[in-house]
Amino acid sequence: MRQACAVSAVWLSACMAPGMAHAQAGVEWPARPIRIVVPYPPGTGPDVMARLVSEGLARELKAPFVVENKPGANAIIGTGEVAKAPADGHTFLLVDRLTLSVNPLLYKPLPFDPGKDFVSVSNIADVDLYLVVSARVPAADFRSFIDYAKARPGQVPFGTGGVGSVMHLNMELLQAGTGVQFLHVPYKALAEVIPALLGGQVDATSGGVEALLPHVRKGSLKLLAVGADKRTPVAPDVPTVAEAGAPGMLLSTSYSLHARAGTPPQVLARMHAALDKVLSAPALRTWASERGLRVGASRPEELDARIAADAERIGRLVRERHIQVQ
């Protein structure tokens, strides 16, 4: 990520003269299929986005793309595989941005150093996360749910994707900010938490709206607040967490693309230019908006700044809440 400035310095020349940048890289790129490693199971948000983006990148770069799912250990397995890959531009990581900040705080030592072993390419899609509760919970809004949970300390089960997941961090933020004490029920991913919500094993969680909306429309789940700066078009009646009187008590995240440190800057610039075109396609933007996602490329240094801000904020939370991986 510290090579972001080097990447941005060659953007203009790479976009104006891709053949020249191609030659300057000293490699024929792409020389073989390009892998996008997703450190989560198939069917998750990052996986779906990786497959959509890879189709567009294949057209732009005239090269085959392969999406590989390498889940496990809170994304450490797949991320570690990219950290060990050759720095030749044929392996990329598509990851939930927060894991790059959270894992170094909770897992020591890691088999890689996110700050040294990776370089940012671009943000891909911002993901707003919502506080969601079962329809069985007698709460119509954020405040009444907090009052309900306060009256039952340690008895309201909150489902998460495990210690260190964004769902767990949101639970800790809510506990720290409101004084509520939830019963933490860890699962592997939101895909497991939703059936638990529907089946009555847990009462609440936080997650992306795409997976939640079908159940919200059926009346099985209720969205109480969104961790965004303003209300979202996909759920305009749901207040922001700040409007609900709890500013800063819900994190949101994004999907982002990274490469092995040492990848030729000219290659990274070509990948960024292709990604920018793919993410600017009206059809993809419409598809994403309907699912509560905001797609769009960012400069590498912008993504680096977001990751650094995440690490500072979450680092405080980890220390203050004494969060540890058991």
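Let's start in the middle of things: A125 has Y255 as its bridge partner in strand β10. Keep in mind as you look around that this is a predicted model. The strand on the other side of that pairing is β4, residues 118–127, and it is joined to β10, residues 253–260, by 8 bridges. The two strands run antiparallel.

Now zoom out to the sheet. β4 and β10 belong to an open sheet of 6 strands, and reading across it gives the order β2-β1-β3-β10-β4-β11. The pairing in this sheet is mixed. At the edges you find β2 (65–69) and β11 (293–295), and each of these has a single partner strand, so one side of each has no neighbour in the sheet. If you compare neighbouring strands, ignoring direction, they are turned by 25 degrees against each other on average.

You can see what mixed pairing looks like by following β3 (91–96). On one side, β1 and β3 run parallel and are joined by 3 bridges. On the other, β3 and β10 run antiparallel, with 5 bridges between them. F92 is a handy landmark here. I36 stands opposite F92 in β3, and F92 in turn stands opposite A259 in β10. So how much of β3 is buried? The strand is mostly covered, with 6 of its 6 residues buried.

Next, look for helices that sit against this sheet. Helix α6 (residues 97–106) lies across β3 and β10, and it runs at about 85 degrees to β3. Helix α12, residues 265–279, packs on the sheet too, touching β1 (34–38), β2, β3, β4, β10 and β11. The direction of α12 makes about 10 degrees with that of β4.

Another residue to find is S54, which sits in helix α4 (residues 45–61). Is S54 buried or exposed? Its relative accessible area is 7%, which is under the 20% cut-off, so S54 counts as buried. Setting aside neighbours within four places in sequence, S54 is in contact with I36, F65 and V67. You have met I36 already, as the residue standing opposite F92.

Let's move on to another pair of strands. Strand β5 (residues 129–134) pairs with β9 in the antiparallel sense, over 5 bridges. One spot to look for is V132, whose bridge partner in β9 is L223. Strand β9 itself covers residues 221–226 and is mostly covered, with 5 of its 6 residues buried.

From β9 you can step over to helix α11. Its buried residues are V209, L212, L213 and H215. What covers them? The cover includes β5, α10, β8 (204–208) and β9. Just after α11 comes G219, which takes a positive phi of about 90 degrees.

The pairing of α10 with α11 deserves a closer look. Two packed helices are described by the angle between their axes and the distance between the axes. For α10 (residues 190–199) and α11 (residues 209–218), the axes come within 11 Å and cross at roughly 15 degrees. Angles under 35 degrees count as roughly parallel, and that is why α10 and α11 get that description. The crossing is right-handed. From α10, L190, I194 and L198 meet A211, L212 and H215 of α11. Sorted by class, the residues of this contact are 5 nonpolar, 1 polar and no charged.

Now try another helix pair, α9 and α14. Here α9 and helix α14 (residues 300–321) pack at an angle of about 65 degrees, with their axes 11 Å apart. This time the crossing is left-handed. On the α9 side, the contact is made by L169, E172, L173, Q175 and A176, and on the α14 side by R313, I314, L317 and R321. By class, this contact has 5 nonpolar, 1 polar and 3 charged residues.

Finish the tour at Q181, in the loop between α9 (166–178) and β7 (183–186). With a relative accessible area of 48%, Q181 is partly exposed. Not counting residues up to four places away in sequence, Q181 touches R152, P153, G154, Q155 and Q175. Q175 is also one of the α9 residues in the contact with α14. And how far is Q181 from I36, back in the sheet region? Their C-alpha atoms are separated by 39 Å, and the two residues lie 145 residues apart along the chain.

Conventions
Residues are numbered from 1 along each chain as its sequence is written. This is a predicted model: local features need pLDDT of at least 70, side-chain atom pairs count only at pLDDT 80 or more; totals for chains, interfaces and linings use all residues. Side-chain values use heavy atoms; hydrogens and water are left out. Axes are lines fitted to C-alpha atoms, for helices over the stretch in contact, and angles run from 0 to 180 degrees between N-to-C directions. Helices (H or I, at least four residues) and strands (E, at least two) are DSSP runs, numbered from the N terminus. Angles under 35 degrees count as roughly parallel, over 145 as roughly antiparallel, 65 to 115 as roughly perpendicular and the rest as oblique. A crossing is left-handed if the near helix is turned anticlockwise from the far one by less than a right angle, and right-handed if clockwise. Contact means heavy atoms within 4.5 Å. Ala, Val, Leu, Ile, Met, Phe, Trp, Tyr, Cys and Pro count as nonpolar, Asp, Glu, Lys and Arg as charged, and the others, Gly among them, as polar. Buried means under 20% relative accessible area, exposed over 50%, partly exposed in between (1.4 Å probe, protein chains only). Two strands pair if DSSP finds at least two bridges between them.
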